[in-house]
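Biologist: Could you take me through one part of this model up close, a helix and the sheet it rests on? I'd like to hear how it is covered, what it touches and what lies around it.

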Amino acid sequence: MDDWHLPETEAGFAGPTDPPSGSAPHLYAGLKLLGWTVSLEAVEPLLVFDKISIPEAETGALCIALTGETPGRTHNVPHEPLEQMLAVVGLGTYFVRANDRHGLDVFVLRGAAETGDLLRRFTAAVAEVGNILGVAGQWRGRLTPYELARAIDRAARVTTVRVSAALEHGEVSTRPRDPLLFTALQCLVRRLLDGLPMTYPVRGRLVALSGGAGAFAGAEFVFSPCHARGVRNEHCAEVATLSSATLAGSRDLFILLTLSTRRWRPISAESTSMKARTIDLFPRDADGQCRRYHTLRLDRRGPAYANLVAHRIVTGRLPPAGTEPPDYMSGKDAALVPVSMARFATGMGDRYMGIGSGTSYLEREAFYGALSAALAPHGFREIGVAPEVERSSGRAGYAPWGARRWTLKDGDEAREALTAVLDQYGRERTLRVATFAMDEDFDTGIRKAFEDKLGAPACASHADYDELAWPCGLRILWFRRPSGPFATRMDIRYKAQVEEEAGRSLPPETTAAERREAVEGAWRTYAADALDGARRGINGHAAACVGGLPERDDGALAVAFVQMHETTRDDAYRDPFLAVKRSLARRGFVSQMFLGPGKESGAPAEDGAPPGEEPATVASKLRACVEDALRMLGVPGFRTPVHRSPAGDVPVAMAALYAIRRNKGEFGGRYTLPVAVIVRGGATYVAVPDGKGAFAWEPYPDALRGLLTGRHDSIEVPGRRNPGAPAVLFCRNVLIDIDRSSEHAVVLVESQNLRSWLPTLSNARLNFDRVEFDPNGSGPSAALELTSADLSRTRILRIVSETGKIPTYALNLPKSPRAALAEAQDADGQPRRKGVERQLREKNMRRLTWAGIASNPAAPHARERVFLLVKRRPDNMMQSSFMMTQSRHLNQNVEKARDFLLTRSRAAPTLDELTALFVHDGDDPVRLAELVAETRNGHPQYNGDTRLPPPLHELHLLRYAVVGREESEDAS
């Protein structure tokens, strides 16, 4: 049988290794998947809904009133505002869909809680929320709320809908016959679990998010009561999200559990300063218990509207006419805490969180057990344990203790890799490096990092640059330039300042509409002039520094290292980051940015380190800059794999397909662009299509600069009849080209990224050894289909990493959660901290993690081709691995233990599903899974596994280069 390997090195086989002598084995065996198989025969009688059908005319009037816009006939009706409106008035458990008659359907799950005249309650909800919008000055309808409610009451109809639980099966695919089944199941789960009492080990209950269960968001619950921490009055609770899904190779439907941690702080001026802040409201019933919570976004309609909604939710009524409600959005009223709480998270820019994130394996076990007990009587059974796959090489386990032995070593290997890239691209063995520094220490540090990576060179100084040379013929021309305007914030005033000044200049008799139009016009005029002026300054500095470089050739590879002041990071609006990268890209440079105080903020510390940073820390950051710069130049982070057979070893071309999608920025609308990458001959190439799907392979740095400068247009052109056709043709032609130009190739694709163009990637149309294409959104085209005969040298592997589409997991503990917890605590209930530090020092913390390849018990019909991959943890996350065995809920009465358990984060390695979608006779899918697992540890800056395996990870990074349309030199 053919084998797939990474090449051997002086240290031996560059793959998984046996554990070092004396190391302990894993504590756990396999993964307990957190999900349930649904017995459709048992749940189908419960899926009964009352459907309110609103005709097109009334739907249009409702949309105008809520959004100010008429829904287009070619687009879905915007039903999100209606869902939020119904959540305020408590209609029940429901979901909203646009129907094929350009109207709206509201589905309300039938049950004891939903009694009385449903249509009358719905129209009363329309009128009540219309009154809220009217008080807030945001009702945009031509009819009054009462008139619109009367019109809906006359025209709408209520019918009974029984959602069918029948499934359609393909070879290895499953899809519901009724498209409402997924959302209907989520509504049912919300009904079954709402208010569920739990002992966790503290007593509490599940509190459901008010309203419906969205098609994609799932049913969401918060465990109450919350933890409270006195330092910043921060609160924390576990959030459970249950979503319905199909899994590859299974003929069943599943409910999957995602457990996370959410943190809140009381409403304050700090929390409401961010327009995107989310506010959660926890009203109390007469007995003091919270049985629902509501979510508001401040950027939807502003704090005034949110305050009125909060008052309606908490008190059940609107404030009397002429009176002001309590201020729920400012935190001035202490009696409202914790009725209204602001979500805080590091992903929103919040720092210094008092409570750690994540949930431990023990908490997952306890939560999963309680939910299983509640769901079992209704036809839900646990998925089970995913056992570890026995490796085809005969070694058990993925060896998380193994070194990064398949990555490039410093010195000869790194230098040869860079030289191979220059040779493959057909360039001279010359690299141009420019440093834009605020002080000499930065230039010295970057140069030392280069020499450490590539080896000691022979140096020669010239008038304007230095030349570094190696015996292999590699040369680096080194230029030093000042940072100038690259390093500091752009001189642009804030929007609020410009609008305030423009408003003061208007006469008092100006109407509100005229005032709004005038201040917005003033801002647009100022922004255009100010941004253009700042960009001209940056472009002028770049032209002055780069234009006169000796031996400059537009085709030569060049990299720039720019030192920027650290204050630019805290002011995204005036940050010159993108302007600098684009300006340098137009002049042939890929660039790396380094943030630091430099000498402008004080005298440097010993050895040239910025104040407050150790020299070793600065050196490691500079080395990371150099290593990532080599990646941007096209140097792969891993050695070329080989296909090993009796006929000999043949290099394997690693390739990937990806769709860049951006919805924001200077695009004038949606931006969509399919791209492909291939690593062969030791270099990385990228293919980008034109408007008709044609393409040519170009070096990675050239593609990167092309995206930065806006050279590649989106395939979604307004007015194009089939916007997906060029993307489909591109994907098909790339696969054919890869197959024809490679003796062996492995192509990676991400399911959620491409399934709209390649239906084969979705679980609903999954099939093996056949690739289908959908050029116009109406279904697969038989004329475009590719089979094994068409791609005889290519293997295609599908990656699924989307939250809610694959199960999360807990490690299969050999002991009960309570017994495992007791081992980590002393007689006083405090954690054995010294024991933790000793384990860290002895590097045995890896025993508390599991990384490897597991078979999927939910895929009985494709178990040999569907695998679960657990990523390897980086070394600096070992303490978090220990905390995954510690519950945040225990020992709350011991202050030291409480602080230790609350403040530490718990981060488990994420789970990916890998499907051997396209293989040939004689291939071993386990070998291919091993190949993917081994190469994803090859990123030069990160000693753990990347989120996506290379080279798919390279395309994921490439999407950040899309920052806007092409600019002329004068205009920018």
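**Helix H14 and its sheet**

Modeller: Happy to! H14 is mostly covered, with seven of its nine residues buried (buried is under 20% relative accessible area with a 1.4 Å probe and protein chains only, exposed is over 50%, and partly exposed is in between). Helices (H or I, at least four residues) and strands (E, at least two) are DSSP runs numbered from the N terminus. The model is predicted, so local features need pLDDT of at least 70 and side-chain atom pairs 80 or more, while totals for chains, interfaces and linings use all residues. Residues count from 1 along each chain as its sequence is written, and side-chain values use heavy atoms, without hydrogens or water.

The buried residues of H14 are Ala-579, Val-580, Lys-581, Arg-582, Ser-583, Leu-584 and Ala-585.

Now for the sheet. This is an open sheet of six strands in the order S22-S23-S24-S21-S25-S26, and the pairing is mixed; two strands pair if DSSP finds at least two bridges between them. At the edges stand S22 (458-461) and S26 (590-596), each with a single partner strand, so one side of each has no neighbour in the sheet. From one strand to the next, the twist averages 20 degrees. Angles run from 0 to 180 degrees between N-to-C directions of axes, which are lines fitted to C-alpha atoms, for helices over the stretch in contact.

H14 (residues 577-585) packs on this sheet and touches S21, S25 and S26, contact being heavy atoms within 4.5 Å. The direction of H14 makes about 150 degrees with that of S26. Of the strands it touches, S21 (residues 430-437) pairs with S24 (residues 475-482) in the parallel sense over eight bridges. Ala-434, for instance, has Phe-479 in S24 as its bridge partner.

Another helix, H11, contains Gly-445. Gly-445 is buried, at a relative accessible area of 17%. Its C-alpha is 9.7 Å from that of Lys-621, although the two are 176 residues apart in sequence.

The aromatic rings come next. Rings of Phe, Tyr and Trp (its six-membered ring) pair if their centres lie within 6.5 Å; planes under 30 degrees apart are stacked, over 60 edge-to-face, and the rest tilted. By this rule there are 14 aromatic pairs. Phe-95 and Phe-107 are stacked, because their ring centres are 4.8 Å apart and their planes meet at 10 degrees. This pair joins S6 (residues 94-98), which holds Phe-95, to S7 (residues 104-109), which holds Phe-107, across 12 residues. Both Phe-95 and Phe-107 are buried.

Back at the sheet, Phe-450 and Phe-561 are edge-to-face, because their centres lie 5.8 Å apart with planes at 90 degrees. Here Phe-450 in H11 (residues 440-454) is linked to Phe-561 in S25 (residues 557-565), 111 residues away. Phe-450 and Phe-561 are both buried. Elsewhere, ring pairs link Phe-49, Phe-95 and Phe-107 into a cluster.

For the wider setting, the chain has 24 helices and 40 strands. Buried residues account for 55% of its 972 residues. Among contacts in the chain between residues at least 6 apart in sequence, 72% join residues at least 24 apart.
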